[in-house]
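This report is meant to be read alongside the sequence and the 3D view. Please keep both at hand while going through the sections.

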Amino acid sequence: RAIASAEITNWKSGKGDYEARCRYTLWAKHQELKCDVELTRVPAGFSKFTAGIGFREPPQETSFIANKTYACATARDIYSVASGGIIADMIGLSLIYDANDFEKSELSKDAQKNHLIHFKNPGRRRFSYYALAGWNRDEAVQSPDQWKKLVAAVQEEIANPPQVNVGAVEY
């Protein structure tokens, strides 16, 4: 397992300055990256802000589905802002979110064709989500249909973690 923390400062928006603390957790042999976000500063007097998450619509997007717990896109190639270009042979991108965090979420697409999931829980400062990416070099992901099935399986696993009951402790 690898864990990275990030402090985001000097985040300017048209409505004021924000700051955030993020923790990213990646497990060996897992497709998902867990992102825990806490907004540590929001503009003064702006307590009704609406947070959200999202990803850019892949060029040549072949399908997009979203429900109460995940958003999933498939495409032939995925554009990566981080790498400054096209990542060939990527099959899909997905975000999985907790229904409790995004219970009253709304899906939209902005002018830059970003898929966005907005909170409808104004003022909430903490939330978590999982990010996934799949490409055809992965044995489990050789087609868009396999990607959709994988995303649904990961979402089911996240939504139903193992239950642990601790009985009496003896010394």
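The sections below go from the overall fold to cysteines, aromatic rings, salt bridges and the surface.

## Overall architecture

The structure discussed here is a predicted model, and its secondary structure consists of one helix and 12 strands. Followed along the sequence, the order of these elements is β-β-β-β-β-β-β-β-β-β-β-β-α, with the helix α1 covering 144-159.

The protein has 171 residues, of which 33% count as buried. About 10700 Å² is exposed by the protein, and carbon and sulfur atoms supply 49% of that area. When contacts between residues at least 6 apart in sequence are considered, 54% of them join residues at least 24 apart.

## Cysteines

The count of disulfides comes to zero. For Cys-22, the nearest cysteine sulfur is that of Cys-35, at 7.6 Å, whereas a disulfide would need the two sulfur atoms to lie within 2.5 Å; Cys-22 is therefore in no disulfide.

Cys-22 counts as buried, with a relative accessibility of 6%. Cys-72 is likewise buried, with a relative accessible area of 1%.

## Aromatic pairs

Two aromatic pairs are found in the structure. In the pair of Trp-11 and Tyr-18, the ring centres are 5.4 Å apart and the planes stand at 45°, so this pair is classed as tilted. The two partners fall into separate accessibility classes: Trp-11 counts as partly exposed at 38% relative accessibility, while Tyr-18 is buried, with a relative accessible area of 11%.

The other pair is made by Phe-55 and Phe-64, whose rings lie 6.4 Å apart, centre to centre, with 55° between the planes, and this pair is also tilted. Phe-55 is buried, at a relative accessible area of 11%, and Phe-64 counts as partly exposed, at a relative accessibility of 23%.

## Salt bridges and strands β2 and β3

Eight salt bridges are counted in the model. One of them joins Arg-41 to Asp-17, with the closest N and O atoms 3.9 Å apart; because the cut-off for a salt bridge is 4 Å, this pair is included in the count. Arg-41 lies in strand β3 (residues 32-41) and Asp-17 in strand β2 (residues 16-26), so that the bridge links distant parts of the chain, 24 residues apart. Both residues are accessible to some degree, since Arg-41 counts as partly exposed at 37% and Asp-17 is partly exposed at 22%.

A salt bridge also forms between the side chains of Glu-38 and Arg-21, with an N to O distance of 3.0 Å. This pair, too, links distant parts of the chain, with Glu-38 in strand β3 and Arg-21 in strand β2, 17 residues apart. Glu-38 counts as partly exposed at 21% relative accessibility, and Arg-21 counts as partly exposed at 38%. Both residues belong to a network of salt bridges that links Glu-7, Arg-21, Glu-38 and Arg-126. In another bridge, the side chains of Asp-36 and Lys-34 meet at 3.6 Å, N to O, and Asp-36 is buried, with a relative accessible area of 15%.

## The surroundings of Thr-25

Thr-25 lies in strand β2 and is buried, with a relative accessible area of 4%. Which residues does Thr-25 contact, leaving aside its neighbours within four places in sequence? The contacts of Thr-25 are with Arg-1, Ala-2 and Ile-3, and with Glu-32, Leu-33 and Lys-34. Lys-34 is also the salt-bridge partner of Asp-36.

## A nonpolar surface patch

On the surface, Val-164, Val-166, Val-169 and Tyr-171 form a nonpolar patch, and together these residues have about 580 Å² of accessible area. Val-169, a member of this patch, is placed in the segment after α1. Is Val-169 buried or exposed? With a relative accessibility of 55%, Val-169 counts as exposed, because the class begins over 50%.

How values were computed
Residues are numbered from 1 along each chain as its sequence is written. This is a predicted model: local features need pLDDT of at least 70, side-chain atom pairs count only at pLDDT 80 or more; totals for chains, interfaces and linings use all residues. Side-chain values use heavy atoms; hydrogens and water are left out. Helices (H or I, at least four residues) and strands (E, at least two) are DSSP runs, numbered from the N terminus. Buried means under 20% relative accessible area, exposed over 50%, partly exposed in between (1.4 Å probe, protein chains only). Contact means heavy atoms within 4.5 Å. Accessible areas come from the Shrake-Rupley method with a 1.4 Å probe; for residues, only the protein chains shown count as cover. Patches are made of residues with over 30% relative accessible area and no salt bridge: like charges are joined within 9 Å, nonpolar side chains (Val, Leu, Ile, Met, Phe, Trp, Tyr) within 5 Å. Rings of Phe, Tyr and Trp (its six-membered ring) pair if their centres lie within 6.5 Å; planes under 30 degrees apart count as stacked, over 60 as edge-to-face and the rest as tilted.
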